[in-house]
Amino acid sequence: MRPFPRILIVACSLLIVAQALALCAATGWRTFTRFPQPEIEEMNRSTGLYALFEGTGAFDNSPAAPNLDNRFALGLIPYPAFGVEAISVLTVAGPAALVALAALLARRRANPRSGPQPSTSAAGITF
Amino acid sequence: MKTAYSARPLTALVAAAAFSLLLAAGVHPARMQAGAVAVASARPDAEPAASGKSLVVPDKLAKAGTVYHAMPGKDKQISFTSKASETIEGQSNRVIGFAVAGPTDSPAALKGGEWHLPVDSLRTGNPAQEKHLAGADWLDAPKNPNIVFRITEVKEVKAGAADDKSKSYTATLVGKMSLHGVTKDLTIPNSTITFRKASAETAKTAKGDLMLIHSRFPVKLSDYGVKNNTIGKKVAEEIKLDVTFYLSTVPPEQQS
């Protein structure tokens, strides 16, 4: 393979790996991928009930349970199910990393074979 | 060989007789497996009302004191946390139920209460995980659609913070919890029961006098027959439950 396409393949693959890891980091390093759900949104939307009892002593022994995070989060590994939950850093970055590795290995393999080429000028052509 | 063949009809006959005896005794074969260690309940579970938003309060309890009804579809009512190699959190606001307040001078000495949490209403943020949670390997929602909490006694009631709008009590709740077809006794210390009288301020949020029961307690999955290879690894053996039941004297069907 020519050097330029190979470098391009490696660079693009590594970019995909870096972006997947960055998205995972930005969304909280979750183990599994999460999606926003209307039911969680409904629970997180305050109806005012909590406010009515806040400061009455109702939560003196233990604080109220925190809201569930209802944002998309890219997980590190796929949830063992066939569905959108299988999208993860591993399933996105894994194939990209393999492609990068394959491109790098292809170069290494090509190098010993290519070696010093015999000079055509030394082919015994005489004038 | 001849003896073995002749024994078959006899075995079948005995099995059929045992089966019909069980049916006659009102034991559903499907319940035998999960409910083998079930504790006998004093009364059957309350039935859901036609609307599905509340439970029908048994007559005896309804006459014992002021009835407060859970308000599903509003704030979260149940939260659970499992902390093992990964943290799993879930919530539901689909709990239906009621509590019957004690006498006027000690309303927190509840006369009773019952809540039904539909297993398939638990939300974790991962639909596949929710499906697994409700599946046969976990809480088995098709066989046991509800987690049922029932208060049979309230002990050690101590008055807490109070003002002209509200009054709070600390108490130990004693009752039973049914999960995965297994019913076990449950004692929850340090629970708070808070009452708030209806006012113009509360009316903006909910009609009627209000009550809040707030408790936090652990539940050991193996106690309820939930056995799975991932318990102790990905899922904690002990799940932390947070209960925040908002209740009103006006049933949810009549809330706006």
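# A tour of chains A and B

Start by selecting chain B, which has five helices and ten strands. Keep in mind as you click around that this is a predicted model. Chain B runs to 256 residues, and 40% of them count as buried. Now look at its contacts between residues at least 6 apart in sequence: 61% of these join residues at least 24 apart.

**Stop 1: strand 1 of chain B**

Select residues 67-70 of chain B, which form strand 1. Are the faces of this strand covered or not? Both are covered: Val67(B) and His69(B) sit on one side, Tyr68(B) and Ala70(B) on the other, and all four are buried.

Next, add residues 96-100 of chain B to your selection; that's strand 4, running antiparallel to strand 1 and joined to it by three bridges. To see one matched pair, pick His69(B), whose bridge partner in strand 4 is Phe98(B).

Strand 1 also pairs with strand 10, residues 238-248 of chain B, again in the antiparallel sense, this time over two bridges. Here, zoom in on Ala70(B), which stands opposite Leu247(B) of strand 10.

**Stop 2: the core around Phe98(B)**

Stay with Phe98(B) and show what surrounds it. Leaving out residues up to four places away in sequence, Phe98(B) touches Leu55(B), Val57(B), Val67(B), Tyr68(B), His69(B), Ala70(B), Gly113(B) and Glu114(B). You'll recognise strand 1 in that list, since Val67(B), Tyr68(B), His69(B) and Ala70(B) belong to it.

Which residues touch the most other members of the largest nonpolar core? That core holds 56 residues, and the ones to highlight are Ala70(B), Phe98(B), Ala99(B), Met211(B), Leu212(B), Phe245(B) and Leu247(B). Apart from it lies another core, of six residues, including Ala20(A), Ala73(A), Leu74(A) and Ala93(A).

**Stop 3: a hairpin and its neighbour**

Back in chain B, select residues 166-179 and 182-196, which are strands 7 and 8. They pair in the antiparallel sense over 13 bridges. Click on Lys176(B) and you can find its bridge partner, Asp185(B), in strand 8. Two residues lie between the strands of this hairpin, where His180(B) takes a positive phi near 60°.

Then bring in strand 9, residues 210-220 of chain B, which runs antiparallel to strand 8 and is joined to it by five bridges. Arg196(B) has Leu210(B) of strand 9 as its bridge partner.

**Stop 4: over to chain A**

Switch your selection to chain A. What does this chain have in the way of helices and strands? It has four helices and zero strands, so to speak an α-α-α-α pattern when you read along the sequence. Buried residues make up 22% of its 127 residues. Among chain A contacts between residues at least 6 apart in sequence, 80% join residues at least 24 apart.

Pick helix 1, residues 3-26 of chain A. Its 24 residues reach 34 Å from first C-alpha to last, close to the 34 Å expected at 1.5 Å a residue. Along this helix, Ser13(A), Ala20(A) and Cys24(A) are buried. Just after the helix, look for Gly28(A), which takes a positive phi of about 105°.

**Last stop: where the chains meet**

Finally, show both chains together. There are 31 residues of chain A in contact with 34 residues of chain B. On chain A's side, the elements giving two or more residues are helix 2 (38-44) and helix 3 (49-53). Colour that side of chain A by residue type, and it divides into 15 nonpolar, ten polar and six charged.

Note on methods: Residues numbered from 1 in each chain as written. Chains lettered and ligands numbered in written order. Predicted model: local features only at pLDDT ≥ 70, side-chain atom pairs only at ≥ 80, totals over all residues. Contact = placed C-beta atoms within 7 Å. Nonpolar A, V, L, I, M, F, W, Y, C, P; charged D, E, K, R; others polar. Core = buried A, V, L, I, M, F, W, Y, C linked by C-beta atoms within 7 Å. Buried ≥ 20, exposed ≤ 12 C-beta atoms within 10 Å, placed from the backbone. Pairing = 2+ DSSP bridges. Expected span 1.5 Å × (residues − 1).
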